[in-house]
Amino acid sequence: MKIQSLGHVVIKVRDQERAEAFYNGLLGMPIAARLPSFSMTFFTLGNHHDFAIKAVGDGTPDAPEDSPGLFHVAFKIGSHIDELREAKLYLEATGLKVDAYDHEVAKSIYFNDPDGNMIELYIDASDVWKQRPEAVAQGAPFDL
């Protein structure tokens, strides 16, 4: 067996409509389909579906910070620092707290969705990882 690529990611949210407004409305991810019987929405970024949400209900508690599970989901948004800067300004204008990190191979911004799931938007900044694979495991805050 050999895994060829990542197919999709599904995250849990409390409210399907609120999450759709965030991922489709704010972030602009097109909705591919809905599966009402499972309270799921599927988004496409060019494949049949690349990302999905599963609503688990308004009363569900947050997972403890030190519990196993998803840490964050990352989406590439372009290839120029201006695209990342524009995204940061756009998200901050909606009231989101946004942090910027320089990972050498990528420059990223991080913020939380309405349910506290961490989202990373990034641009590729260098292909140094091809010579030094360990370069992907670094990062420091930077002023974007």
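This section describes the annotated domain, the aromatic pairs and selected residues of a predicted model.

The UniProt record, an unreviewed entry, carries the annotation "domain: VOC" for residues 5-124. Across residues 5-124, helix accounts for 20% of the chain and strand for 37%. The C-alpha atoms at the two ends of this stretch are 18 Å apart.

Aromatic rings were examined next. A pair of rings is described by two values, the distance of the centres and the angle of the planes. The structure contains 7 aromatic pairs. One of them joins F22 and F111. Their ring centres are 6.3 Å apart, and the planes meet at 55°, a tilted arrangement. This pair links distant parts of the chain. F22 belongs to helix α1 (residues 16-26), whereas F111 belongs to strand β7, and 89 residues separate the two. Both partners are buried: F22 has a relative accessibility of 6%, and F111 has 2%. Another pair is formed by Y101 and Y110, with ring centres 5.7 Å apart. The planes of Y101 and Y110 stand at 85°, so this pair is edge-to-face. The two tyrosines are not equally accessible. Y101 is partly exposed at 28%, while Y110 is buried at 12%. Ring pairs also build a cluster, which links F22, Y23, F43, F51, F75 and F111. A charge-ring arrangement was found as well. The charged end of K107 sits over the ring of F142, at 5.4 Å from the ring centre.

Strand β8 (residues 118-124) includes I119. The relative accessibility of I119 is 0%, so this residue counts as buried. Beyond its sequence neighbours up to four places away, I119 touches Y23, V73, F75, I109, Y110, F111 and D113. Among these contacts, Y23, F75 and F111 are also members of the ring cluster. H72 lies 47 residues from I119 along the chain, yet the C-alpha atoms of the two are separated by 5.5 Å.

A lysine is also buried. K88 is located in helix α2 (residues 81-93). Its relative accessibility is 18%; K88 therefore counts as buried, because the cut-off is under 20%. With neighbours within four places in sequence left aside, K88 is in contact with V98, I109 and L144. I109 thus appears in the contacts of K88 and in those of I119.

A63 provides an exposed example. A63 lies in the loop between β4 (51-55) and β5 (72-78). Its relative accessible area is 59%, and A63 is therefore exposed, since the cut-off is over 50%. A63 and F111 are 48 residues apart along the chain, and 17 Å separates their C-alpha atoms.

Backbone angles were then considered. Most residues other than glycine have a negative phi. Two loop residues have positive values. S39 is not a glycine, but its phi is positive, at about 50°. S39 is placed in the loop between β2 (31-35) and β3 (40-43). With a relative accessible area of 26%, S39 is partly exposed. E104 likewise has a positive phi, near 65°, and is a residue other than glycine. The loop between β6 (99-102) and β7 (106-112) holds E104. E104 counts as partly exposed, at 29% relative accessibility.

Technical notes:
Residues numbered from 1 in each chain as written. Predicted model: local features only at pLDDT ≥ 70, side-chain atom pairs only at ≥ 80, totals over all residues. Heavy atoms only, no water. Helix = DSSP H or I, 4+ residues; strand = E, 2+ residues; numbered from the N terminus. Buried < 20%, exposed > 50% of the residue type's maximum accessible area, 1.4 Å probe, protein only. Contact = heavy atoms within 4.5 Å. UniProt positions renumbered as here; feature names shortened; annotations may be inferred. Phe/Tyr/Trp six-rings, centres within 6.5 Å; stacked < 30°, edge-to-face > 60°. Lys NZ or Arg CZ within 6 Å of the ring centre and 35° of its normal.
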